[in-house]
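Morning, everyone. Please look at the screen while I walk through this one.

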Amino acid sequence: MILPTNKYKQIWDPFVLVMTIVVAVEMPLRIALDLPLHGWFYFLDTFISCVFLVDLILTFFTAVYVNAALVKDPKNVAQRYLKRWFIIDLLAVLPLDLIFGSFMINARLLRLLRLAHVATFMQKVAKANVINASLLRMVFLAFWVSLFAHWAACGWIAVGAGNITSEWKATHGLLYLRSLYWAVTTLVTIGYGDITPVTPKQTVFCILVELLGAGLYGYVIAIFASLIAKLDVARTHFTEQIEKMNTFMRFRKIPSDLQDRIRSYYEYLWTSRRGYDEGQVLSELPDSLKIQVSLHLCSSMIEKVPIFSGASEDLIKQIVAKLKSAIFTPGDYVFREGEIGDSMYFISRGQVEVVSKDGQTIYATLSPGNFFGEIALILQQPRNASIRALEYVDLYTLDQGGLQEVLQKFPAFMAHIHDLAKKRQDQFTKL
Ligand code: CMP
């Protein structure tokens, strides 16, 4: 069975979709302009028929997802296909005009039924989460509206194109352009009235397009307005948060330099994590997923931290599950020398300085991948230095309770980390 994730299938599906769109554009226009199915048109038509036939056969051998479970059983896959898409795909591929003769010449328009696959394809793209969902829906809607305008233009040509002058009828291109202009102005309810129906057939067609246009126009405008509002939910939500904070700061007359610091903190929140609080996002997930996401978020940091090199995957998972994120703004003290230590810290982003109690002497500058605060935590003694943020810093903290839980399960790691704390203490007191 072919898996939906198969890389050739991932190329094949969009290719079939493009072919479907080519049919949806080319066939109505060819029929409207009454062009014979010769030469290039014949080649294209046969080629697309073959593509649709191959796709129909491949579908019988492609595993599908049903309620998030992969169904690979060929019988099950075939049954599902026969019940749903098979009839549509079969009608689209059968050369009905050859079977039933020339009176079924327009039966090939049944190929347009395959456009139903466009919606399924869009759902797949939405699931892959590679593009903003609202933007995708807008593209989808724009596609249908454009296709509909094209069909209306083809229909207008087919019914005789009203009072379009003979100059515009000189070439197929000009005739199509003028008809498309009529279709668009009618659909968007502008209707300049320069192109009007002449025969009863044209009048009926015109009424239908006008009615559809009025409905479609209102619907599209309403949907677009709501999609634009939802285009960037994160940004809208975040802007609201900042607005609330600004109002509060004005109302409580917070000093302007402090206001600036708060605003720049919000800016950092946006650039570093799109305003989301990592802890809150994670708290909404079940434990197993939470650990996977935390592992992903901390992976680049963990790779750099020497105490984790050689640690088992299980141990790393346990530690990662206990980490909490924290942000410090430039100049903030994470803690001060002499304080009781109840946490250790891993630097994920930004730099901190190890400084003396008065903040005058700088002992070291620590960067992402470095850790600090383990000596007081493990050896149960006061902090031997102060830590000051040089810029915005993202830290992960591991507190006493979390560390103890991990150490109980991994006694060998306890000895290792204890040893390390002792060695580092000796090293730092010699400096
Ligand atoms: P702790 O004593 O808990 O709190 C201060 C921390 O700074 C200390 O643990 C070490 O992790 C770290 N530290 C102290 N001195 C230095 C130094 N000279 N270089 C790097 N890190 C240091």
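Which backbone atom of Ala376 lies 2.9 Å from an oxygen atom of the ligand, and what kind of atom is it? It is a backbone N or O atom of Ala376, at 2.9 Å from a ligand oxygen. Before I go on: this is a predicted model.

Let me stay with the ligand. There are 17 residues around the ligand. Those that come nearest are Gly373, Glu374, Ala376, Arg383 and Asn384. Glu374 uses its side chain: a polar atom there lies 2.8 Å from an oxygen atom of the ligand. Asn384 uses its backbone instead, with an N or O atom 3.0 Å from a ligand oxygen. Now the area. Taken alone, the ligand exposes 460 Å². The protein buries 94% of that. Where does the ligand sit? The space taken by the ligand is the second largest pocket.

Which elements build the shell? β7, residues 362–366, supplies at least two residues of the shell around the ligand. So do α15 and α17, the latter covering 411–430.

Next, a residue just past α15. Gln380 lies in the loop between α15 (374–379) and β9 (386–389). Gln380 is not a glycine, yet its phi is positive, about 50°. Is Gln380 buried or exposed? Its relative accessible area is 57%, and the cut-off for exposed is over 50%. Therefore Gln380 counts as exposed.

Compare that with Ala161. Here too phi is positive in a residue other than glycine, near 65°. Ala161 is also in a loop, the one between α7 (133–158) and α8 (172–187). But Ala161 has a relative accessible area of 2%. Buried means under 20%, so Ala161 is buried. So we have two loop residues with positive phi: Gln380 is exposed, and Ala161 is buried.

On to the strands. Glu353 is in strand β6, residues 352–355. Why does this glutamate count as buried? Because the relative accessible area of Glu353 is 10%. What does Glu353 touch, leaving aside neighbours within four places in sequence? Its contacts are Ile362, Ala364, Thr365, Ser386, Ile387, Arg388 and Leu390.

Now Ile327. Ile327 belongs to strand β3, residues 324–328. At 22% relative accessibility, Ile327 counts as partly exposed. Not counting residues up to four places away in sequence, Ile327 touches three tyrosines: Tyr265, Tyr268 and Tyr392. Leu269, Arg273, Val393 and Asp394 are also touched by Ile327. Look at Arg349 as well. Ile327 and Arg349 are 22 residues apart in sequence, and their C-alpha atoms are 9.5 Å apart.

Last stop: a helix. Leu315 sits in α14, residues 313–322. Leu315 counts as buried because its relative accessibility is 4%. Which residues does Leu315 contact, leaving aside neighbours within four places in sequence? Val406, Phe410 and Phe413. How far is Leu407 from Leu315 in sequence and in space? The two leucines are 92 residues apart in sequence, and 9.3 Å apart C-alpha to C-alpha.

To recap the ligand site. Glu374 comes in with a side-chain atom. Ala376 comes in with a backbone atom, and so does Asn384. The protein buries 94% of what the ligand exposes alone. That's it from me.

Key
Residues numbered from 1 in each chain as written. Predicted model: local features only at pLDDT ≥ 70, side-chain atom pairs only at ≥ 80, totals over all residues. Heavy atoms only, no water. Helix = DSSP H or I, 4+ residues; strand = E, 2+ residues; numbered from the N terminus. Buried < 20%, exposed > 50% of the residue type's maximum accessible area, 1.4 Å probe, protein only. Contact = heavy atoms within 4.5 Å. Near = heavy atom within 4 Å. Polar contact = N/O pair within 3.5 Å; in protein donor to acceptor, adjacent residues only side chain to side chain. Areas by Shrake-Rupley, 256 points an atom, 1.4 Å probe, with all protein chains shown as cover. 1 Å grid on protein atoms, 1.4 Å probe; cavity = no way out; pocket = protein on both sides within 12 Å on 5 of 7 lines; lining within 4 Å. Sits in = over half its atoms within 2 Å of the grid points.
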